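Take a look at the structure below. This report starts with one helix, then turns to a helix pair and to the empty spaces.

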Amino acid sequence: MPAAPPESLLARPALPALLLAAATFLVFAGVFRNDFVSYDDEAYVVRNAHVRAGLSAANVGWAFTSREASNWHPLTWLSHMADVSLFGLSPAGHHFTSLLFHSINVALVFLLLRAATGRTGRSAAAALLFGLHPLRVESVAWIAERKDVLSACLGLLAIAAWARWSRSRNRGAYACSLILFAASLMAKATLVTLPLLLLVLDFWPLRRFGTPPRDAASVPAPGTRSLLVEKIPYAVLAIAGGWLALRAQRAGGATSALALSAGLRLENAVVSIVRYLALTIWPAKLAVFYPHPAAALGWRTWGALALLAAISAAVWVARRSRPYLLAGWLWYLIALAPVLGIVQVGWQGLADRYTYLPSLGLAVAAAWGAASLLEGRLPARALAAAAGVIVLALSALTIRQVATWRDSLTLYGHAIAVTGPNETMQIDLGNELARRGRSEEASRHLQEALRIAPGSRDALYALGSLSFAEGRPAEARSRFEEATRLHPDFAEAFVQIGVALVREGRPKDAVAPVEQALSIRHGLPEALYVLGSALDAQGEAVEAEKKYEAAIAAKPDYPEAHLNLADLLAAGKRYREAIPHYEEALRLKPRFREAQQGLEAARRRAGL
């Protein structure tokens, strides 16, 4: 390992690490003006009964067993619960935690690079390129994406412990690294590629592939077989973490969002590698959601393959004189692999958040490459000034991008403005406007979504929900029926047909569509709940009670099901049995007026 340059005040690692973290915190400080957004923040925090209740033994158990939001990430759930315990539902507190993790990550990148190379200036430049880039905004400003910054923090600490072990063979450091890696996977599973990334670090900057030790304190360089063997425990953890993540995504239906052929997924993956590279170089028109092309990309695929082949050949040729280029490029490609959509999760074609860890490779290659090219050709002050201009430019773009996350309307409106036809964002904006009582504007955006994607199931569903909100159940039912004609496996739409029929006073007719929903998705709690409502309205109290209980068994945190069951029990003068369900409905939904009224009445009649 190269010796560090002569120490000066700024060459002492702790001070520049703190300065880099502070600079990052300052640039992203605009997040404290931002609200929760309806794009997953509600599912993760605002409307999540377990998270809203804060840390408790019961909620810790839920975090480790839940596959809610199509993910298994217990440490992420625990971090959100801790925020609620500390800050309540103040978005500023939740933003503080995410930004703190990101600032720590920037400091860790610097410390890791400096420890491995002895280069203070280049390490600082790489850390700033990584930390202040506007592509990082989504991971930091989106509260629901806490998993990104938390998983990366734990992963970087795992790498630091492993790097220490590689120099000293300290078994405690190796065990600590494995524990931290497992923890990283329990926050988000994207670091499943760590065993391969450690091999990249073996090549550079640690130079463990057959390179003799550079000082007497170093351990002898291991052989290639030893380098592979020492990664086996990491590979076992990676396989387990990847399996758990994929299982959770399949259980939640996230992997079936798009029925894309393997060929289309591969084409989009290849083009996305180049698009991410382009956005890194020129970060313009960034958005929370980029629609998937869902079609053959033709010449763009071949052009992307040619460019990737050329870059790969160039860094391979330069591997001995400039090994950091090959190491940075390999890090980028390997870290990006799990999020390229080979296994399609969700509806997006690419996402800014997917660049969080992969971007480290590009930042290192850029910092070391620029420095090696320009040092000796430009005065040190000119080099520092040029770096300062780049940092300021990135900071300005990041500050502006943070502001697009101000609230849901701003976020979705910005995405529509910069991405062109965007069915998903039109629907999300329409739903948000509907929630705010701006029905006419909401309808326009939902109709635009239908124009972009005729027959869109989500647009039809949203229009039906809007009709419900405006008190037109018959019109709502026609929308849901259209959705089921076009999409016969749309269980949720069948459920809403049943809801509409119950509201129209036709509970007997509601049974068939709800049973159809249950045949599509067995045990769907919403379907069981509506079926219970339909049976209850027909006076079939015993069967209705069974359906409500089944809905609660399938979804224990279902306040409406608890309320209806409590009302049913109270109607049968079973007040003491009703009271726990009223209480649970209130615990899950603290301002549930109907539950509060029912609870007070049940307690009076039970003589409590």
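## A buried helix

This is a predicted model. In helix 24, the buried residues are Ala491, Ala493, Phe494, Val495, Gln496, Ile497, Gly498, Val499, Ala500 and Leu501. Buried here means under 20% relative accessible area. Ten of the 13 residues of helix 24 are buried, so the rest of the structure largely encloses this helix. What does the covering of these buried residues include? Among the elements are helix 22 (457-469), helix 23 (473-486), helix 25 (507-520) and helix 26 (525-537).

The length of helix 24 (residues 491-503) can be checked too. At 1.5 Å a residue, its 13 residues should span 18 Å. The end C-alpha atoms are 19 Å apart, which agrees. After helix 24 comes glycine 505, and its phi is positive, near 80°.

## Two helices that cross

Helix 15 (residues 299-317) and helix 16 (residues 323-336) have axes that come within 8 Å. They cross at roughly 145°. Which residues meet? Helix 15 brings Leu308, Ile311, Ser312, Val315 and Trp316. Helix 16 brings Leu325, Leu326 and Trp329. By class, this contact has seven nonpolar residues, one polar and no charged.

## An open pocket

Helix 15 and helix 16 also help to line the second largest pocket. Its volume is about 1,400 Å³. The lining has 50 residues, and the closest to the pocket centre are Ala125, Leu129, Ala366, Ala367 and Ala387.

Several helices each supply at least two lining residues, including helix 1 (14-27), helix 7 (120-131), helix 14 (262-281) and helix 17 (359-374). Which helix gives the most? That is helix 18, with ten residues. The lining divides into 40 nonpolar, six polar and four charged residues.

## Closed cavities

A rolling probe the size of a water molecule shows where empty space is left between atoms. How many cavities of 30 Å³ or more does the structure hold? There are two. The largest holds about 110 Å³ of space. Its lining has 14 residues, and Asp148, Thr190, Tyr354, Leu357 and Pro358 are the closest to its centre. Nine lining residues are nonpolar, two are polar and three are charged.

The second largest cavity holds about 30 Å³. Pro134, Val137, Glu138, Ala287, Val288, Asp352, Gln401 and Trp405 line this cavity. Five of these residues are nonpolar, one is polar and two are charged.

Key
Residues numbered from 1 in each chain as written. Predicted model: local features only at pLDDT ≥ 70, side-chain atom pairs only at ≥ 80, totals over all residues. Heavy atoms only, no water. Axes fitted to C-alpha atoms, helices over the stretch in contact; angles between N-to-C directions. Helix = DSSP H or I, 4+ residues; strand = E, 2+ residues; numbered from the N terminus. Contact = heavy atoms within 4.5 Å. Nonpolar A, V, L, I, M, F, W, Y, C, P; charged D, E, K, R; others polar. 1 Å grid on protein atoms, 1.4 Å probe; cavity = no way out; pocket = protein on both sides within 12 Å on 5 of 7 lines; lining within 4 Å. Points joined across faces, edges and corners; volume = space filled by probe spheres on them. Expected span 1.5 Å × (residues − 1). Buried < 20%, exposed > 50% of the residue type's maximum accessible area, 1.4 Å probe, protein only.
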